[in-house]
Amino acid sequence: LPRLSTRLLSFGFGASRRSQVAAMRLALGGVGVFAVATAAQLLAGGTTGPCSLGEVEVCDRASHESASLLQMSTLKRSGGGKQPNETTSEAVLRSIEDKPIPDLPIAVCNAAGHYECGRQVGKQMKKHIRRAVRWYSDLVKFCNGNALCDKFIDVNNASYPHLVEEVEGMAKGAKVNPRKLLLMNIQEIYDLCTSCGDLSSSTSRSASGNTSRSFHQRALHRHRLGCTDYLLRKKSAAVMGHNEDSDSKDQDWEVNYLVDLNISGHRIIGYAYAGQLVGNAWGFNDAGLAVTMDSLSAEVKGPGLGTNFVGRHILQATCVADATMRAAVNGQAQGSSFNIGSAFEEGHPMANVETSPNASSVLEVPVGGHAFHANWYLRLLSANTGASFDPKPSKSRVGRLEELPVAASSKDVLYALSDNDWLEYPIFRDGGWLDTDATTNSVVFDLMAGTVQAWVQASEKSVQHVRPFARKPSHTWNLSALMLNNTGGSEY
């Protein structure tokens with residue numbers, strides 16, 4: 001079992017400036033440390049697990065059945081003119097920047113099993129998936145006849161056979177080689193692939209015909225340098241906010257989509273990279289759990305569980321403690337930062353989990369506290385050794401969040417995620433100057449209100465890079481327990 005560290009994330013209790021950060025690093029007795037099982041053991045025990053951060057209880061799935069995700073609706077935008085309680089300057093900003101965001105495709109499945117769900121998604125997103133597959137030709141070539149790649153697949157299949165079936169079903173629907181999609185879902189192999197592209201000079205022809213950097217570079221940028229998270233837990237507010245970032249020089253976000261999965265009556269909705277399992281960006285389920293992920297870069301030493309599979313498995317959890325144990329599972333090939341919160345559990349528990357091949361650190365955000373995370377280990381500091389990217393952007397984003405006034409509401413969290421005052425390495429990234437990544441979408445989970453708002457766009461080139469606080473969300477979901485029972489696909 002991996003060792004669980006109890007060192008703390010940076011917290012803030014009413015502080016608003018960097019000079020006060022030291023006083024905010026408190027030794028909290030509420031830090032949760034959990035026993036960790038293997039993925040196979042969790043799977044063998046069903047989809048339920050311990051559902052109390054303080055004690056071991058069994059999740060009562062039935063208690064959440066009436067709290068299913070019943071409706072997803074694109075928010076209707078109001079016309080021009082000044083709105084109630086809106087200042088003149090806000091009205092001017094809205095009139096300039098509140099333009100419709102191009103729709104992102106949505107794949108819907110309604111199936112009894114994972115293979116059929118994957119097949120439905122693959123069929124609907126065939127064009128997107130086939131385009132994405134072409135970007136992985138270097139990895140596929142490396143893995144031809146390579147026993148190491150086979151071992152990676154075998155390890156994940158042993159722990160998550162149902163998710164491997166979901167990928168295989170996706171390949172069937174998209175009419176692509178299933179092994180290629182499995183490799184796309186285990187990108188940790190890139191760290192051991194010495195022939196998959198030169199980070200400094202390699203170029204390749206992109207799917208759209210434009211010359212761009214190797215996909216190895218794109219994978220590193222998208223999955224290692226991107227994403228910022230804000231966790232806020234107060235008596236009056238429980239909010240999780242997430243920025244999803246990608247390399248602004250490439251077009252990989254043009255083949256991504258939202259998914260709405262209904263498997264045997266249980267729902268998962270989230271943002272997915274084409275051909276990959278949902279769970280390596282952000283998502284939520286009908287148990288009221290919200291999950292976001294920040295990529296980290298612990299050294300890969302050999303075959304292990306892929307982040308895509310771990311993240312997808314977390315979305316099957318029924319409560320925060322269950323999700324936390326799934327996140328901290330032993331045997332991961334690399335590691336990630338998972339942020340988890342609950343809309344339905346009493347007190348709206350919230351936790352951050354840093355994972356690595358050797359250890360995992362679980363932190364419960366206490367009532368009255370908040371936490372930030374980007375793409376640099378904050379507690380498992382030794383796991384940063386040998387990181388294959390510059391940590392300055394991540395450190396800068398967290399540093400800027402520490403300088404901002406502490407959020408008190410979901411609106412404040414959204415403003416923080418929209419901040420770009422630090423031009424070199426802003427929180428909301430626009431692909432300029434030193435920081436070449438761009439924020440492609442943002443999501444805010446208001447766990448106390450039971451709502452999810454997302455700002456997603458079909459293409460960075462089709463919309464001027466406008467911060468989310470200046471736009472109305474492209475999608476709003478309602479997690480209320482008073483909604484109708486979950487009987488099928490979402491209404492859009």
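Does Y273 count as buried or exposed, and at what relative accessibility? In this predicted model, Y273 has a relative accessibility of 2% and therefore counts as buried, the limit for that class being under 20%. The residue belongs to a protein of 492 residues, of which buried residues make up 60%, and the chain is arranged in 14 helices and 18 strands. Among contacts between residues at least 6 apart in sequence, 71% join residues at least 24 apart. The following paragraphs describe the aromatic pairs, the salt bridges, a helix crossing and a residue of a strand.Eight aromatic pairs are present in the structure. In one of them, the ring centres of Y230 and F372 lie 4.8 Å apart and the planes stand at 75°, so this pair is classed as edge-to-face. Because Y230 is part of strand β6 (residues 228–233) while F372 is part of strand β15 (residues 369–373), the pair ties together parts of the chain that are 142 residues apart in sequence. Y230 and F372 are both buried. A further edge-to-face pair is formed by Y271 and Y273, with 5.6 Å from centre to centre and 85° between the planes. Y271, like its partner, is buried, its relative accessible area being 2%. Y271 and Y273 also belong to one aromatic cluster, in which they are joined by W282, F284, F445 and W477.

Charged side chains are paired as well, and the structure holds 12 salt bridges. One of these is formed by D150 and R179, whose closest N and O atoms are 2.6 Å apart. Since D150 lies in helix α7 (residues 147–159) and R179 in helix α9 (residues 178–184), this salt bridge ties together parts that are 29 residues apart in sequence. Neither partner is classed as buried: D150 is partly exposed, with a relative accessible area of 31%, and R179 is likewise partly exposed, at 25% relative accessibility.

Other salt bridges involve buried residues. R267 forms a salt bridge with D260, the closest N and O atoms being 2.8 Å apart, and both R267 and D260 are buried. For the salt bridge between E354 and R379, the closest N and O atoms are 4.0 Å apart. This pair links distant parts of the chain, with E354 in strand β13 (residues 350–355) and R379 in the loop between β15 and α13 (392–403), 25 residues apart. E354 counts as buried at 0% relative accessibility, and R379 is buried with a relative accessible area of 1%. In addition, R400, E403, D419 and D421 are linked in a network of salt bridges.

The packing of two helices was also examined. The axes of helix α4 (residues 114–124) and helix α8 (residues 161–174) come within 6 Å and cross at roughly 35°, and the crossing is right-handed. On the side of α4, the contact is made by H114, Y115, G118, R119, G122 and K123, whereas α8 contributes H162, L163, E165, E166, E168, G169, M170, K172, G173 and A174. By class, the residues of this contact of α4 with α8 divide into four nonpolar, six polar and six charged.

Among the residues of α8 in this contact is E166. E166 is charged in class, yet at 3% relative accessibility this residue counts as buried. When residues up to four places away in sequence are not counted, E166 touches H114, Y115 and G118, together with L261, I263, L277 and R312. Of these neighbours, H114, Y115 and G118 are residues of α4 that take part in the helix contact.

Strand β13, which holds E354, also contains A351. A351 counts as buried at 1% relative accessibility. The C-alpha atoms of A351 and A321 are 8.7 Å apart in space, while the two residues are 30 residues apart in sequence. With residues up to four places away in sequence not counted, A351 touches L231, V320, T324, F338, N339, I340, L363, E364 and V365. One of these neighbours, L231, falls within the range of strand β6 (residues 228–233), the strand in which Y230 lies.

Notes
Residues numbered from 1 in each chain as written. Predicted model: local features only at pLDDT ≥ 70, side-chain atom pairs only at ≥ 80, totals over all residues. Heavy atoms only, no water. Phe/Tyr/Trp six-rings, centres within 6.5 Å; stacked < 30°, edge-to-face > 60°. Helix = DSSP H or I, 4+ residues; strand = E, 2+ residues; numbered from the N terminus. Buried < 20%, exposed > 50% of the residue type's maximum accessible area, 1.4 Å probe, protein only. Axes fitted to C-alpha atoms, helices over the stretch in contact; angles between N-to-C directions. Left-handed = near helix turned anticlockwise from the far one by under 90°. Contact = heavy atoms within 4.5 Å.
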